[in-house]
Amino acid sequence: MTLHLIKLCVGCDSIPDLEEWIAFRREEKSALGLSLDHYHVTRMVPQRQEELLDGGSLYWIIKGNVQCRQQIIRIEPFTDDEGVGRCRIILGRDVVPTGWQPRRPFQGWRYLKPADAPQDLGGGA
């Protein structure tokens with residue numbers, strides 16, 4: 001069964017702002033010869049990985065509303081240079097606009113059931 005994540009998109013004011021940031025990071029990585037994977041690093045590793053990888057997405061809260069999502073491609077636990085366990089959530093390239101859904105701020109990420117997720121706008125899958 002599919003499961004999603006929901007997370008605050010700190011520092012972005014709009015969907016175009018998020019898309020510009022993703023494009024900037026890709027250009028930066030390309031210039032350095034690094035993998036062009038777009039990912040979000042988090043401290044906690046999701047325990048329900050199988051459900052997230054079964055069509056799950058990361059829903060972004062921008063300015064107090066869920067506004068868009070990105071498909072979750074892979075989840076890669078790793079240890080950083082300071083020995084702290086972390087996790088890369090590898091995301092799809094497309095930012096899919098969704099219906100707006102108000103949400104209060106919280107730290108980290110939360111699981112989101114498909115029934116509670118806003119619908120895509122513009123015919124996205």
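This passage looks at the aromatic rings of the structure and at the surroundings of Gln 70. The model is predicted, so local features need pLDDT of at least 70 and side-chain atom pairs count only at pLDDT 80 or more, while totals for chains, interfaces and linings use all residues. Residues are numbered from 1 along each chain as its sequence is written, and side-chain values use heavy atoms, with hydrogens and water left out.

A search of the whole structure turns up one aromatic pair (rings of Phe, Tyr and Trp, the last by its six-membered ring, with centres within 6.5 Å). Trp 109 and Tyr 111 make up this pair, with 5.1 Å from centre to centre and 75 degrees between the planes. That counts as edge-to-face, the label for planes over 60 degrees apart; under 30 is stacked and the rest are tilted. Trp 109 is buried at 14% relative accessible area, whereas Tyr 111 is partly exposed at 30% (buried is under 20%, exposed over 50%, partly exposed in between, with a 1.4 Å probe and protein chains only).

Tyr 111 also has the charged end of Arg 48 sitting over its ring, 5.2 Å from the centre (CZ of Arg or NZ of Lys within 6 Å of the ring centre and within 35 degrees of the ring normal). Likewise, the charged end of Arg 88 sits over the ring of Tyr 39, at 5.5 Å from its centre.

As for Gln 70, this residue is buried, at 0% relative accessibility. Its contacts (heavy atoms within 4.5 Å), leaving aside neighbours within four places in sequence, include Ile 22, His 38, Leu 91 and Val 95.
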